[in-house]
Amino acid sequence: MRKEAFNENWICYQTGKKETAFAVSLPHDAMLLDERRQGCAGGVNNGWIDAKDYTYEKSFTAPEEWREKETVFYFEGVYRKATVYLNGKKVCYHDYGYTGFFVDVTGKLRYGAENVLMVTAINSDQPNSRWYSGTGIYRPVWLYTLPKQHICLQGIRITTLDYKNPKIRVQVQTNGSGSVKVEILKAGARQNEIREEDVDMRPDGVRENAEAQVLRETQGMTDGNFVCDLELPGAKCWSTEQPELYTCRVTFGDDVCEECFGIRIVKCDVQNGFTLNGKRVILRGACIHHDNGILGACAYDFAEYRKIRLLKEGGYNAVRSAHNPCSEAMLRACDELGMLMMDEYTDMWYIHKTKNDYASEVETHYREDLKAIVDKDYNHPSVVMYSTGNEVSETAQKRGIKLCGNLTECLHELDGTRPVTCGVNIFFNFLSSMGFGVYSDKKAEQEVKNAKKKAVGSEFFNNLAGLMGSDFMKFGATLYPCDVKTRDAFAAMDVAGYNYGIRRYEHDLKKYPKRIIVGSETFCSDAYTFWETAKKHPRVIGDFVWSGMDYLGEAGIGSWEYKDYAPDFSHGEGWVAAGSGRIDLTGKELAEMTYTRVAFELEKIGIGVVPVPYAGQKHSPSAWKMTNAIESWSWRGCAGKKTQVEVYARADHVSLFVNGKCVGTKKPQGDCRVVFETAYEDGSVRAVAYDAKENVIAEKELKTAGKETILTVKPEQKCVGREDLCYVRLQFTDREGTLKPMVREDITVQVEGGKLLGIGSACPYYTKNYLGNVTDTYYGEALAVIRPEKEGTVRVYAKSAHSRGSAEIKVCGVCV
């Protein structure tokens, strides 16, 4: 089969206004074009964007040779209610915005002539999501041309039968009978490794590598379903530390198809907890949404890869795709980087959380939806668990408990190799069963008029938690009625997903000896407690913090913001991001990430400083922030002002020094975090961790930046591939590159050799447009993202009121 990217030369326009059409490349997020307006129906959910409907069109010629082939388009994701037309005739409708779908146009094309493919996306019926969704064709589109006799699309499945003596089963579905050949290959280089030498590209889009070698091959006859078991002596297993990947190449007549896979077996049982190839692995997880920050919902391969890389570097070994299925690019990144994936179905079942969400369709379409997820996920070794939903209060009802079992059973039928969970907010399940926060059309209408005061569903509970703090949910979950309202649903899944229920772990492990628990959604401040509990109890298999990386929408929910950056704390117009990430919207690690690594015993010591100019000032409320400390001691002009310095260490005691003088010594109390109050002085702050015998375990120092300020233009990578993206950090620093968080100015960016896709800061309150070329800074920095136009050099020029800077990025070929 031939697989071609179908992403260039589209036009886009607001539906009904074709005269305003403009050229776009896919993936594309039209929602970035829409006006932000106080009082719009999306409210805090989507960051006050008045979402519109958009239409996409592409003209193309269908060669005469296609008459003898089958022609299929594959849309990886369109948000939402996508209708596809070919030459003015409707050929497909797909409701759910997060699953891929095929459009077979065989025999419907004008061969040897021009054709027009048109896609409409509906997103004006707000509110329909609790977070920023994006609008339009935000994931890639592919064109398949297949010979009459061919391998069915997504028709190859590879299952590991044995990891000790590597053995796999290959199942091939074809549309007819004939001879099938199966080859197992090991490539000599990974995807996303930049190479400057030329790389041949086959017509079907498969990247060839001269170093690839055939490890095993077999041949046989098929009547439509071919199955063979292959031993692979000497093959290496896939793991988080060594993510070894192989390729299965299948030939059926003139058709050739390749699938990437890894050798690994996942098990989850009460004796050993979660195991990967027989070895227990504790899931150090992070929840993530599907957007890519200032790029909106666009699922660029490089952006998805970068997100996973940053989370892996941050110490996580697992991610939860909240609250919808992840992209195929993200799965490839997880496979290559050794990141485990919990792929989640949806945010609601049959009870709405917003007026126009997918709740009306789930019971009717879940079988086809789950099949689409499994077909996408099956061959990816990184996918180790499915989640059927998030905080679905239906699990407190008989109807919902039955549906929970049906969803689990359906996934078992589709894929018997992976466990199934569902994230249940234990306390809020009980409250919703008492009538609190339950959706109704009347409440939803009030929500549209005033989303802050009349919130329903999860937004109601999130607001409540923001006011009451993180302990509110955790304490509430310990109440007996919470057990009553969750136990039957937990019995209907393989792994019980606890959202904010960490204080139930010890009790429930004793009461339910066959229950396996995963913290499907947790607070950052629980990392240490979770880790200590999981080390003792294998049935506590993991923890997924909310959230690993900040995201758009749910505006302000996780933010601790001061007046200088957010003139009000209403989470009204101007608030665009959640502010809830251990990594901020631009990809920068915060002090909370260092705390997490120390809690997980991956790092020995860290320091975080509450921004000195604002220490003690009122900030916006949130339960999802443990601290707003950042790793900086550059606060010139604040001498003598008191602030808090946090030290993260697993130690008997910790001492803090300011300019060499000890300002205090403290013992960690049931955690790895200690907090010192001290006055700021230019110079340095140093933390030293000791064991009980006064031996130094570790130490860390932060220094004040020099007086001179320069605008540093700092590409994250000096060389990128032609299809990659250039991420460029814009920072006010001293000559040595030390960040100066108190410098705040607008920065204007110009680019040569590339297109500026997005520019912005990490501030959750942001009134500029990410599609412009000017950005404010947030604690001294911002980010620009550029797509190269051709091989050669991308040049970036930045200027502010007092500084100028520039950088070059080499565009050096393709990723192989």
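**Close-up 1. C228, a buried cysteine without a disulfide partner.** At 9% relative accessibility, C228 counts as buried, where buried means under 20% relative accessible area, exposed over 50% and partly exposed in between, with a 1.4 Å probe and protein chains only. The closest cysteine sulfur belongs to C248 and lies 7.4 Å from the sulfur of C228, too far for a bond; a disulfide is taken here as a pair of cysteine sulfur atoms within 2.5 Å. C422 is likewise in no disulfide, with the nearest cysteine sulfur, that of C404, 5.4 Å away, and C422 is buried, its relative accessible area being 0%. The model is predicted, so that local features need pLDDT of at least 70 and side-chain atom pairs count only at pLDDT 80 or more, whereas totals for chains, interfaces and linings use all residues. Residues are numbered from 1 along each chain as its sequence is written, and side-chain values use heavy atoms, with hydrogens and water left out.

**Close-up 2. The disulfide of C719 and C812.** The structure holds one disulfide, which joins C719 to C812 with an S to S distance of 1.8 Å. The link is right-handed, with 120 degrees about the S-S bond. Because C719 lies in strand β38 (residues 719-720) and C812 in the loop between β45 (804-811) and β46 (814-815), the pair ties together parts that are 93 residues apart in sequence; helices (H or I, at least four residues) and strands (E, at least two) are DSSP runs, numbered from the N terminus. C719 is partly exposed, at a relative accessible area of 23%, whereas C812 is buried, at 5%.

**Close-up 3. The open sheet β19-β20-β21.** Three strands in this order form the open sheet, and their pairing is antiparallel; two strands pair if DSSP finds at least two bridges between them. β19 (266-269) and β21 (279-280) stand at the edges with a single partner strand each, so one side of each is left without a neighbour in the sheet. Four bridges join β19 to β20 (residues 273-276), and D269 stands opposite G273 in β20.

**Close-up 4. The surroundings of Y316.** Y316 lies in the loop between α2 (301-313) and β23 (318-321) and, at 1% relative accessibility, counts as buried. Leaving aside neighbours within four places in sequence, Y316 is in contact (heavy atoms within 4.5 Å) with R284, G285, A286, L311, M339, V545, R582, M593, T596 and F600. Y614, by comparison, is 298 residues from Y316 in sequence and 31 Å from it in space, C-alpha to C-alpha.
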